[in-house]
Amino acid sequence: MTSPVERAREARRDVRPQLLRWFDRSKRDLPWRKSNAPYGVWVSEVMLQQTQVERVVRYWTKFLERFPTVKSLAAAELKDVLGLWTGLGYYSRARNLHLASKELVLRFGGELPDSVDALLTLPGFGRYTAGAVASIAFELEAPLVDGNVARVLSRLLELDGVPGEKAREAALWAAAEVMVEGARPGDWNQALMELGATVCVPQNPLCLVCPVRTSCRALAAGRVDELPRPKKPPKRKRLEFAVAVAKRGHEVLLARREEKGLFGGLWELPGVELAEGADGDAALQKFLGKKASIGPELTVVERTLTHRDLVLRLHAISLPKRLAKPPAGYLEWRWVPREEIGGLGMSSAMQGALAEAG
């Protein structure tokens, strides 16, 4: 049996020109493709991780209007960056984007370096992001593998294995490295991703209109529906919080988390994580101090995150007018007028909790 690299070499001669011609005819009109400027490419690739293209288009345009350069992003406060990111989720992406912009100003004069090795030294740059920026923005023969590319190559080259297995991931990256060689490496990588997003989709792929169907080993072997093999879902974790709902006229008490962890740097109704079976009233009393008056549980808000089930138990709270220092885990807290809440960085789950709190 031939190796993944040998299969990639055999396929490259026919597949590359066919797929690039298809990409020229069929690629979606996306704003970051109009210039391939390094900064815009970088922001788009970060936003596109775990997020649908249609949503990213709206956010990318607003983000570039507010922060048009690396230097403007580096000069911004993190809370403003997170505020503009609200609704995209996976907020560590925004935190790393902001951190990397500061590194770029300090080390590279506010410009993205045209080297994969240099890009990999920046916060938030893994092998995929570095390959995307290097190939699309700088036309370097840098491979990339994301979910779409992995699916296309698995079927095209009939590569077996379960997603996440070291041997399979190594085979995919080795094949991608071979196939990116040649003219237009940035367009080639985008074409692979485009094919996976629009034709070689997970369920019911459109093999009849696939531009490389004559070279697809999985199609020839009748294995398209088998590859890639399904990944075993991770065990879900339940997170339960007792959450304080304190109001003062038209103001609501909100707190900003420390800049780490699941909701790092975001604003929210202050809360404390509960151990299984813990009393929410008692936990909030200890968390907020003796001067807090703990009222009844108002409602329970449940949200499903990627790998977690989130449960927020909302309690009515009364606090003194003058706030003491914020409780553990928060950088600051303050009374926020309702009309200003929309401009703060806040998770979708907490936005739902605020709506439920009334």
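Here are five short exercises, with worked solutions, on a predicted model.

**Exercise 1: two helices.** Describe how helix α1 and helix α10 pack, and work out what kind of residues make the contact.

*Solution.* Start with the geometry. Two packed helices are described by the angle between their axes and the distance between the axes. For α1 (residues 4-26) and α10 (residues 166-179), the angle is about 35° and the axes are 9 Å apart. Next, the hand: this crossing is right-handed. Now list who is touching. From α1 you get P4, V5, A8, R9, A11, R12, V15 and R16, and from α10 you get A171, A174, A175, V178 and M179. Finally, sort them by type: 10 are nonpolar, 3 are charged and none is polar.

**Exercise 2: the surroundings of R33.** Find which polar partners R33 has, and place them in the chain.

*Solution.* First locate the residue: R33 sits in the loop between α1 and α2 (38-48). Then check the backbone: the oxygen of R28 is 3.0 Å from a polar atom of the R33 side chain. Then try side chain to side chain, where R33 makes a polar contact with Q190, also at 3.0 Å. To finish, widen the search to any touching residue, leaving out those up to four places away in sequence: that gives F23, K27, R28, Q190 and E194.

**Exercise 3: aromatic pairs.** Classify the ring pair W32–W60 and the ring pair W42–F125.

*Solution.* A pair of aromatic rings is described by the distance of the centres and the angle of the planes. The structure has 6 such pairs in total. Take W32 and W60: their centres are 5.7 Å apart and their planes stand at 65°, so call it edge-to-face. W32 is in the loop between α1 and α2 and W60 in helix α3 (residues 53-66), so this pair ties together parts that are 28 residues apart in sequence. Both W32 and W60 are buried.

Now W42 and F125. Here the centre-to-centre distance is 5.7 Å and the planes are at 25°, which makes the pair stacked. W42 belongs to helix α2, while F125 is in the loop between α7 (116-119) and α8 (127-138), so the parts tied together are 83 residues apart in sequence. On burial, W42 has 1% relative accessibility, so it counts as buried. F125 comes in at 7% and also counts as buried. One last step: ring pairs link Y39, W42 and F125 into a cluster.

**Exercise 4: helix α9.** Decide how far helix α9 is enclosed, and look at what happens at its start and just after it.

*Solution.* Count first: 8 of the 10 residues of α9 (residues 147-156) are buried, so the helix is largely enclosed by the rest of the structure. Those residues are V149, A150, R151, V152, L153, S154, R155 and L156. They pack against α1, α10, α11 (185-198) and α12 (217-221). At the start of α9, a side-chain oxygen of D146 comes within 3.2 Å of the backbone nitrogen of N148. Just after the helix, E158 has a positive phi of about 55°.

**Exercise 5: unusual backbone.** Inspect the backbone at P228, R184 and N204.

*Solution.* Keep the baseline in mind: most residues other than glycine have a negative phi, and most peptide bonds are trans. The L227 to P228 bond is cis, with omega near -10°, and P228 lies in the loop between α12 and β1 (237-245). R184 is not a glycine, yet its phi is positive, about 55°. R184 is in the loop between α10 and α11 and is partly exposed at 29% relative accessible area. N204 has a positive phi near 50°, lies in the loop between α11 and α12, and is exposed at 66%.

Key:
Residues are numbered from 1 along each chain as its sequence is written. This is a predicted model: local features need pLDDT of at least 70, side-chain atom pairs count only at pLDDT 80 or more; totals for chains, interfaces and linings use all residues. Side-chain values use heavy atoms; hydrogens and water are left out. Axes are lines fitted to C-alpha atoms, for helices over the stretch in contact, and angles run from 0 to 180 degrees between N-to-C directions. Helices (H or I, at least four residues) and strands (E, at least two) are DSSP runs, numbered from the N terminus. A crossing is left-handed if the near helix is turned anticlockwise from the far one by less than a right angle, and right-handed if clockwise. Contact means heavy atoms within 4.5 Å. Ala, Val, Leu, Ile, Met, Phe, Trp, Tyr, Cys and Pro count as nonpolar, Asp, Glu, Lys and Arg as charged, and the others, Gly among them, as polar. A polar contact is a pair of N or O atoms within 3.5 Å; within protein, one must be able to donate a hydrogen and the other to accept it, and residues adjacent in sequence count only if both atoms are side-chain atoms. Rings of Phe, Tyr and Trp (its six-membered ring) pair if their centres lie within 6.5 Å; planes under 30 degrees apart count as stacked, over 60 as edge-to-face and the rest as tilted. Buried means under 20% relative accessible area, exposed over 50%, partly exposed in between (1.4 Å probe, protein chains only).
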